[in-house]
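Got your viewer open and a hand on the mouse? Let's take a walk through this chain, one selection at a time.

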Amino acid sequence: LTYETYGDCLIATFAGTVDGREAETFQEEVTESSERAQHVLLDLSDAREISDEGYRMILRLYHWASTRGGRVALI
């Protein structure tokens with residue numbers, strides 16, 4: 001799981017398996033370090049498996065972006 005902020009967009013790239021432990025850590029890091037971000041771009045093209053907690057994290061990122069007036073895009 002990697003991420004970077006580009007302008008007002010948070011770009012998150014997922015590779016391999018996204019499980020509950022990784023999802024929780026990632027969610028905390030993102031919300032604390034991405035103050036400028038409004039939109040979220042999730043690149044799931046290299047994700048082999050996403051657990052239920054991984055899907056919940058995606059939903060939380062959607063809510064996080066929507067409270068900022070942003071949008072979420074999935075690749």
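The stops below go from strands to helices, then to the core and two loops. Keep in mind as you click that this is a predicted model.

**Stop 1: the hairpin**

Start by selecting residues 2-6, which are strand β1. Now add β2, residues 9-18. β1 and β2 run antiparallel, and five bridges join them. For one example, pick E4 and look across to I11 in β2, its bridge partner. Between the two strands of this hairpin there are two residues. Click on G7 here: its phi is positive, near 65°.

**Stop 2: from β2 to β3**

Keep β2 on screen and select β3, residues 39-50. Which way do β2 and β3 run, parallel or antiparallel? They run parallel, with nine bridges between them. Try L10, which has V40 of β3 opposite it. To get from β2 to β3 the chain passes through α1, and this β-α-β crossover is right-handed. Go back to I11 for a moment: in β3 its bridge partner is L41, while in the hairpin I11 is the bridge partner of E4.

**Stop 3: on to β4**

Next, select β4, residues 72-74. β3 and β4 are parallel too, joined by three bridges. Select L42 and you can find its bridge partner, L74, in β4. With α2, these strands β3 and β4 form another β-α-β unit, which is right-handed.

**Stop 4: helix α1**

Select residues 20-33 to bring up α1. This helix has 14 residues, and its first and last C-alpha atoms are 20 Å apart, close to the 20 Å expected at 1.5 Å a residue. Now colour A23, F26, Q27 and V30, the buried residues of α1. Why do they sit on the same side of α1? Because they cover an arc of only 105° around the axis. A general point helps here: an α-helix has 3.6 residues a turn, so residues three or four places apart point the same way. Show the surroundings, and you'll see the buried residues of α1 packing against β1, β2 and α2. Then spin the helix around: R21 and E32 are exposed on the face turned away from the buried side.

**Stop 5: helix α2**

Select residues 52-67 for α2. Its 16 residues should span 22 Å at 1.5 Å a residue, and the end C-alpha atoms are 23 Å apart, which agrees. Highlight G54, M57, I58, L61, W64 and A65, the buried residues of this helix. Their arc around the axis is only 120°, so they lie on the same side of α2. What covers them? Among the covering elements are β2, α1, β3 and β4. On the other side of α2, look for D52 and T67, which are exposed. Just after the helix comes G69, with a positive phi near 80°.

**Stop 6: the nonpolar core**

Time to look inside. Which residues of the largest nonpolar core touch the most other members? Select F14, F26, L42 and W64: out of 17 core residues, these four do. β2, α1, β3 and α2 each give the core at least two residues, and the largest share, five residues, is from α2. In soluble globular proteins, nonpolar side chains tend to be buried together. Zoom in on F14 and show what it touches beyond four places in sequence: L1, F26, L42, D43, L44, D46, A47 and M57.

**Stop 7: two loop residues**

Finish with a pair of loops. Select S34, in the loop between α1 and β3. Is S34 buried or exposed? S34 is buried: its relative accessible area is 1%, and buried means under 20%. Setting aside neighbours within four places in sequence, S34 is in contact with Y3, T5, L10, W64 and R68. Add Y6 as well: S34 and Y6 are 28 residues apart in sequence, and their C-alpha atoms are 10 Å apart.

Now click R68, in the loop between α2 and β4. R68 is partly exposed, with a relative accessible area of 31%. Apart from neighbours within four places in sequence, R68 contacts S34, E35, A37 and Q38. Pick A37 last: R68 and A37 are 31 residues apart along the chain, with 8.4 Å between their C-alpha atoms.

Notes: Residues numbered from 1 in each chain as written. Predicted model: local features only at pLDDT ≥ 70, side-chain atom pairs only at ≥ 80, totals over all residues. Heavy atoms only, no water. Helix = DSSP H or I, 4+ residues; strand = E, 2+ residues; numbered from the N terminus. Expected span 1.5 Å × (residues − 1). Buried < 20%, exposed > 50% of the residue type's maximum accessible area, 1.4 Å probe, protein only. Arc of directions from axis to C-beta. Contact = heavy atoms within 4.5 Å. Pairing = 2+ DSSP bridges. Right-handed = clockwise from strand over helix to strand, strands pointing away. Core = buried A, V, L, I, M, F, W, Y, C linked by side-chain atoms within 4.5 Å.
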